[in-house]
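Hi everyone, thanks for coming along. I have one chain to walk you through today, so have a look at the screen and then we'll go through the picture together.

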Amino acid sequence: MAKLYFRYGAMGCGKTMQLLQVAFNYEERGMKVCVIKPATDTKNGKKLLTRIGPERDTDLCFSREMNLYEEISKNYKDIACVLVDEAQFLTPAQADQLMEIVIKLNIPVMAYGLRLNFRQEDSGFEGSTRLLQIAHNIEEIKTICECGHKALLNCRFLNGKLVTDGPDILIDDGTTEIEYRALCPACFYKYKNQK
Ligand SMILES: [Zn+2]
């Protein structure tokens with residue numbers, strides 16, 4: 001029986017790299033996969049990039065309005081697996097549609113995303129929250145903080161200062177230096193108290 005998998009981690013933990021590895025493993029064995037990502041994340045167009053090199057075009061960039069079950073069942077035949085990058089930007093309904101793909105089409109779906117947004121204190125990314133609630137299998141991809149402990153939090157820095165307020169997606173207007181760092185909770189509070 002196919003399953004819905006959610007692999008989460010802080011920024012820079014290698015989620016996209018793992019996704020590309022899974023796609024490669026299927027394709028090496030002559031099987032087709034469907035790699036999808038939300039159109040919300042437009043910084044590299046249709047491409048998935050990794051910091052250490054490998055990249056791949058997505059098969060489908062989807063809007064928040066698209067019904068993923070209908071799209072995959074109609075237009076993607078004979079696929080062995082659906083791989084979702086930046087799954088935090090799914091709507092809760094789309095996370096449920098991934099489960100429909102798993103159950104009705106018997107195709108495994110592996111979704112990769114961030115667990116929590118940089119604001120830390122609100123309800124976070126609705127796509128990740130829904131996947132944490134419903135996925136058959138949930139696993140953390142670990143990475144380390146600048147201090148060497150396990151990083152848990154995604155932090156936004158503007159001109160070198162930690163911020164915990166603002167929109168999920170920040171447009172770079174060229175006047176402010178935007179930086180994201182994966183930090184452990186202790187380092188997060190250290191930077192927060194520096195303000
Ligand atoms: Zn730390």
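Let's begin with the surface: the accessible area of the chain comes to about 10100 Å², and 50% of that belongs to carbon and sulfur atoms. Please keep in mind that this is a predicted model. On the inside of the chain, 46% of the 195 residues count as buried.

Charges next. There are 26 positive and 26 negative side chains in the chain, and the centres of those two sets lie 4 Å apart.

Now the overall dimensions. Along the principal axes, the C-alpha atoms fill a box of roughly 55 × 35 × 30 Å. The radius of gyration is 17 Å, which agrees with a compact globule, because a globule of 195 residues would have a value near 16 Å.

How is the chain built? It has 5 helices and 11 strands. Among the contacts with a separation of 6 or more, 75% come from residues 24 or more positions apart.

Where do the domain bounds fall? Domain 1 covers 4-140 and domain 2 covers 153-193. Taken over C-alpha atoms, the domain centres are separated by 25 Å. As for how they meet, 12 residues of domain 1 are in contact with 15 residues of domain 2.

Let me zoom in on some loops, starting with Pro167. You'll find Pro167 in the loop between strand 10 (161-163) and strand 11 (178-183). Which residues does Pro167 contact, leaving aside neighbours within four places in sequence? The list is Phe118, Arg119 and Arg156. For Arg119 there is also a C-alpha to C-alpha distance: 9.0 Å from Pro167, with the two positions 48 residues apart in sequence. Pro167 counts as partly exposed, because its relative accessibility is 46%.

Next stop, Asp59, in the loop between strand 4 (55-57) and strand 5 (60-62). Asp59 has 31% relative accessibility, so it counts as partly exposed. Setting aside neighbours within four places in sequence, Asp59 is in contact with Val33, Cys34, Val35, Lys46 and Tyr76. If you want a long ruler across the model, try Asp59 to Cys145: they are 86 residues apart in sequence, and their C-alpha atoms are 33 Å apart in space.

Cys34 comes up again when we turn to Lys77. The place of Lys77 is the loop between helix 2 (68-75) and strand 6 (79-84). From Lys77 to Cys34 is 43 residues in sequence but 9.6 Å in space, C-alpha to C-alpha. Lys77 counts as partly exposed, with a relative accessibility of 49%. The cut-off for exposed is over 50%, so a value of 49% stays in the partly exposed class.

Now a loop residue for you to think about: is Ala135 buried or exposed? Ala135 sits in the loop between helix 4 (126-134) and strand 8 (137-140). Its relative accessible area is 13%, so Ala135 is buried. Not counting residues up to four places away in sequence, Ala135 touches Leu4 and Phe6. Gly113 is 22 residues away from Ala135 along the chain, and their C-alpha atoms are separated by 13 Å.

Last, a word on the backbone. Most residues other than glycine have a negative phi. With that in mind, have a look at two asparagines. Asn106, in the loop between helix 3 (92-105) and strand 7 (109-113), has a positive phi of about 55°. Asn159 has a positive phi too, near 50°, and is found in the loop between strand 9 (153-158) and strand 10.

To pull it together: we have a chain with 5 helices and 11 strands, divided into domain 1 and domain 2. In its loops we met a buried Ala135, a partly exposed Pro167, and two residues with positive phi, Asn106 and Asn159. That's my tour, and I'm happy to rotate the model for anyone who wants another look.

Notes:
Residues numbered from 1 in each chain as written. Predicted model: local features only at pLDDT ≥ 70, side-chain atom pairs only at ≥ 80, totals over all residues. Heavy atoms only, no water. Helix = DSSP H or I, 4+ residues; strand = E, 2+ residues; numbered from the N terminus. Rg over C-alpha atoms; globule rule 2.2 N^0.38 Å. Buried < 20%, exposed > 50% of the residue type's maximum accessible area, 1.4 Å probe, protein only. Contact = heavy atoms within 4.5 Å. Areas by Shrake-Rupley, 256 points an atom, 1.4 Å probe, with all protein chains shown as cover. Lys, Arg positive; Asp, Glu negative; His and termini not counted. Charge placed at Lys NZ, Arg CZ, Asp CG, Glu CD. Domains from an automatic or database assignment.
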